[in-house]
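Let's take a friendly walk through a protein model, one feature at a time. Keep the 3D view open as you read, and look for each residue as it comes up.

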Amino acid sequence: HRCPVALLHGPPADALPNGHCDCWSQSEASSSGFWSFDGCSKLQPLPSLFSNPKCVDAVMSAWRQQAATVVQKGFKYLSTPLVAANMEWLSSFVDAACANCNSISCGCPSHLSWHFYGNDCRPKELGGYDNFQKKLNQTKQL
């Protein structure tokens with residue numbers, strides 16, 4: 001079977017039953033936050049996930065299933081999804097994932113994952129250092 005091509009500026013393409021699709025030849029990199037998700041009505045649900053309780057339930061259900069698989073395979077640590085900018089989203093994710101448990105076996109992550117962009121060679125002037133420190137401070141609060 002030929003994988004359907006995902007177009008950057010076109011209608012969404014359904015993956016093959018095995019989940020395969022061509023997401024690279026006619027598109028460009030994006031985060032998973034901009035992919036559709038079963039159980040969520042928006043085409044790109046994850047950026048505004050926490051404003052839709054039904055979508056939160058669908059995403060957290062899948063997250064818990066993934067966490068159970070991770071534990072079953074012997075892993076001892078589980079990180080949050082990798083976030084670049086929105087630390088409030090990350091906080092909301094942790095709150096939802098850990099609402100009824102505090103173990104990776106039921107989806108409560110043991111580690112936070114985030115990254116940042118350092119623009120140019122002027123981290124002070126462009127705010128890169130301040131942004132990094134802000135994320136460290138928010139991480140400590142979480």
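Does Cys106 count as buried or partly exposed? Cys106 counts as partly exposed, because its relative accessibility is 25%, and a residue has to be under 20% to be called buried. Please keep in mind that this is a predicted model.

**The disulfides**

Cys106 is a good place to start, since it takes part in a disulfide with Cys101. A disulfide is a covalent bond between the sulfur atoms of two cysteines. The structure holds three disulfides, and here they are together:

| Disulfide | S to S distance | Angle about the S-S bond |
|---|---|---|
| Cys40 and Cys55 | 2.0 Å | 90 degrees |
| Cys98 and Cys108 | 2.0 Å | about 90 degrees |
| Cys101 and Cys106 | 2.2 Å | about 120 degrees |

Take Cys40 and Cys55. Their link is right-handed. The pair ties together distant parts of the chain: Cys40 sits in the segment before α1, a helix covering 53-72, while Cys55 belongs to α1, and the two are 15 residues apart. Both Cys40 and Cys55 are buried.

Now find Cys98 and Cys108, which are joined by a disulfide. Cys98 and Cys108 both lie in the loop between α2 (87-97) and α3 (128-141), 10 residues apart. Their disulfide is right-handed, because the torsion about its S-S bond is about 90 degrees. Cys98 has 22% relative accessibility, so this residue counts as partly exposed. Cys108, at 10%, counts as buried.

The link of Cys101 and Cys106 is right-handed too, with a torsion of about 120 degrees. Cys101 is buried, with a relative accessible area of 16%.

How are the bonded cysteines paired when you number them in sequence order? The pattern is 1-2, 3-6, 4-5.

**The nonpolar core**

Which residues touch the most other members of the largest nonpolar core? They are Leu49, Val59, Met60 and Phe93, in a core of 19 residues. Helices α1 and α2 each supply at least two residues of this core. Try selecting Val59 in your viewer: leaving aside residues up to four places away in sequence, Val59 touches Phe37, Cys40, Leu46 and Leu49. Cys40 is the cysteine bonded to Cys55, so you have met this residue already.

**Helix α2**

Phe93 brings us to α2, where it is one of the buried residues. The others in that list are Met87, Trp89, Leu90, Val94, Ala96 and Ala97. What covers the buried residues of α2 includes α1 and α3. Look next at the N-terminal end of α2, which is capped by Asn86. A side-chain oxygen of Asn86 lies 3.1 Å from the backbone nitrogen of Glu88.

**A salt bridge**

How many salt bridges does the structure hold? There is one, in which the side chains of Arg122 and Glu125 meet at 3.0 Å, N to O. Arg122 counts as partly exposed because its relative accessibility is 35%. Glu125, with a relative accessible area of 59%, is exposed, since exposed means over 50%.

Key:
Residues are numbered from 1 along each chain as its sequence is written. This is a predicted model: local features need pLDDT of at least 70, side-chain atom pairs count only at pLDDT 80 or more; totals for chains, interfaces and linings use all residues. Side-chain values use heavy atoms; hydrogens and water are left out. A disulfide is a pair of cysteine sulfur atoms within 2.5 Å. Helices (H or I, at least four residues) and strands (E, at least two) are DSSP runs, numbered from the N terminus. Buried means under 20% relative accessible area, exposed over 50%, partly exposed in between (1.4 Å probe, protein chains only). A nonpolar core is a set of buried Ala, Val, Leu, Ile, Met, Phe, Trp, Tyr and Cys residues joined through side-chain atoms within 4.5 Å. Contact means heavy atoms within 4.5 Å. A salt bridge is a side-chain nitrogen of Lys or Arg within 4 Å of a carboxyl oxygen of Asp or Glu. A polar contact is a pair of N or O atoms within 3.5 Å; within protein, one must be able to donate a hydrogen and the other to accept it, and residues adjacent in sequence count only if both atoms are side-chain atoms.
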